[in-house]
Amino acid sequence: MEFSVNQIAGMIGGSVEGDGERLVDNLGKIEDGKAKTISFLSNEKYENHIYKSEAAAIIVKEDFSAKKDIKPALIRVKDPYSAFTKLLEEYSKIMAYAKTGIEEPSFIGEKSETGDNIYRGAFSYIGNNVKIGNNVKIYPQAHIGDNVEIGDNTIIFQGVKIYADCKIGQNCNIQAGTVIGSDGFGFAPQEDGTYKTIPQLGNVIIEDNVSIGANSTIDCATLGSTIIKKGAKIDNQVQIAHNVEIGENTVIASQAGVSGSTKVGKNCVLAGQVGIVGHIEISDYTTISAKSGVSKTIKKPNTIITGMHGIEHKQYLKSNALFRKLPELHQQVQQLEKIVLNLHTEKGI
């Protein structure tokens, strides 16, 4: 699919310098500089590439001043990185939404409704009483259980499994292999040492504009709903347990896990491999550093948590500074012990 430089400038709110009718059919890195591609320059250390580039256009800052002649057209914007990110998003949507129609074999159950301009890939399964909005794309081998609701413009990629009764909002993006609505980890210990399964009767509600990466799992609630609120972004291989609530615009990186009934506030950041115990609350705007473990409620907003034991960031830095000095401190203690021992010996104590 081709767009003119002028059309792209209109998408990102930029002004064109050069030939705005040149055509673009791909996005690329500035160091590649291939014909009919578009790239961006936001870091001065890459500026030398712009003078050798054969690209159709390059996105630059409004105040960029060229030191040599440039072949590509320039699109001047306030923030090239953000503008290129927006362009990537638009390109991704165009590619994802390009698919339409119904491939065979595929299955749709009784009393299920689908909106306009949808795509159903081969071997996809849609159960009974399902409601699917407009412009929804369901890729091959996806499974949509009974009574599921999916809002407009949502994309369900290959092999996604959505269990019965779950609700997915508008403009969501769920990557391949993710499972939504599977049983939570609920087992009651018995007197004989065995465990009895606790039935998981709830569902999962995913609000609008949520992105979920590949091979993540969001468990259904025991009762009620596990809730992912609007704007949340969840990476690949993330575990969200039963009855958890994830706040608006919270970001969770790969291999993080949130245990049952915990509530995470809005605009939080959970870095890679973060582990959070169950039945606690994480306040709004909290940042939890990679591999941190959180075992207690965080009440204060804008807190930064760092370390394996999940202590407050400044306290952790102080403790870590002392930890690095432990060998020296140990040596000093041994020297002091010798001095005290000698004094005792001299005084016959």
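Before opening strand S7, I noted the cut-off I would need: a residue is buried when its relative accessible area is under 20%. I also noted that this is a predicted model.

**Entry 1: strand S7**

I started with S7, residues 73-77, and looked up burial along the strand. I found that 5 of its 5 residues are buried, so S7 is largely enclosed by the rest of the structure. Next I checked the two faces. On one side sit Ala73, Ile75 and Val77, on the other Leu74 and Arg76, and they are all buried, so I wrote down both faces as covered.

Then I looked for the partners of S7. Strand S2 (residues 15-17) pairs with S7 in the antiparallel sense, over 3 bridges. Within that pairing, serine 15 has arginine 76 as its bridge partner. I had already met this arginine as Arg76, among the buried residues of S7. S6 is joined to S7 by 5 bridges, and these two run parallel. Here I noted lysine 61 opposite valine 77.

**Entry 2: from S6 back to S4**

I followed S6 the other way. Strand S6 (residues 57-61) pairs with S5 in the parallel sense over 3 bridges. In this pairing, phenylalanine 40 has isoleucine 59 in S6 as its bridge partner. S5 covers residues 37-40, and 2 bridges join S4 to it, again in parallel. Leucine 27 stands opposite isoleucine 38 in S5. I kept leucine 27 in mind for the next entry.

**Entry 3: the cavity**

How many cavities of 30 Å³ or more does the structure hold? I found 1. The space in it comes to about 140 Å³. I listed 14 lining residues, and the ones nearest the centre are Phe3, Ile8, Leu27, Leu87 and Tyr91. There was Leu27 again, the residue I had just seen opposite isoleucine 38.

Which elements give two or more residues to this lining? My list reads helix H1 (5-12), strand S4 (26-27) and helix H3 (80-97). H3 gives the largest share, with 5 residues. I sorted the lining by type and got 11 nonpolar, 1 polar and 2 charged residues.

**Entry 4: two open sheets**

I moved on along the chain and traced the sheets. One open sheet has 10 strands, in the order S9-S12-S15-S18-S21-S26-S29-S32-S35-S38, with parallel pairing. Its edge strands are S9 and S38 (293-294), each of which pairs on one side only. As a sample from this sheet I took strand S26 (residues 217-219), which pairs with S29 in the parallel sense over 2 bridges. Isoleucine 218 stands opposite isoleucine 240 there.

Another open sheet has 9 strands, ordered S10-S13-S16-S19-S24-S27-S30-S33-S36, and its pairing is parallel too. Strands S10 (113-114) and S36 (281-282) stand at the edges with a single partner strand each, so one side of each has no neighbour in the sheet. My sample here was S16 (residues 149-150), joined to S19 (residues 167-168) by 2 bridges. Isoleucine 150 stands opposite isoleucine 168.

**Entry 5: loops worth a look**

I then went through some loops. The peptide bond from glutamate 104 to proline 105 is cis, with omega near 0 degrees. Proline 105 sits in the loop between S8 (101-102) and S9 (107-108).

Glutamine 237 caught my eye for its positive phi of about 55 degrees, since I was looking at a residue that is not a glycine. I placed glutamine 237 in the loop between S28 (233-234) and S29 (239-240), and it counts as partly exposed at 44% relative accessibility. Asparagine 267 also has a positive phi, near 55 degrees, and is likewise not a glycine. Asparagine 267 lies between S33 (263-264) and S34 (269-270), partly exposed with a relative accessible area of 28%.

Serine 295 is in the loop between S38 and S39 (304-306). At 46% relative accessibility, serine 295 is partly exposed. I checked its spacing to valine 277, 18 residues away along the chain, and got 5.4 Å between the C-alpha atoms.

**Entry 6: helix H4**

I ended with H4 (residues 313-324). Its 12 residues reach 17 Å from first C-alpha to last, close to the 16 Å expected. What caps the N-terminal end of H4? I found glutamate 312 there, with a side-chain oxygen 3.0 Å from the backbone nitrogen of lysine 314.

Notes: Residues numbered from 1 in each chain as written. Predicted model: local features only at pLDDT ≥ 70, side-chain atom pairs only at ≥ 80, totals over all residues. Heavy atoms only, no water. Helix = DSSP H or I, 4+ residues; strand = E, 2+ residues; numbered from the N terminus. Buried < 20%, exposed > 50% of the residue type's maximum accessible area, 1.4 Å probe, protein only. Pairing = 2+ DSSP bridges. Expected span 1.5 Å × (residues − 1). Polar contact = N/O pair within 3.5 Å; in protein donor to acceptor, adjacent residues only side chain to side chain. 1 Å grid on protein atoms, 1.4 Å probe; cavity = no way out; pocket = protein on both sides within 12 Å on 5 of 7 lines; lining within 4 Å. Points joined across faces, edges and corners; volume = space filled by probe spheres on them. Nonpolar A, V, L, I, M, F, W, Y, C, P; charged D, E, K, R; others polar.
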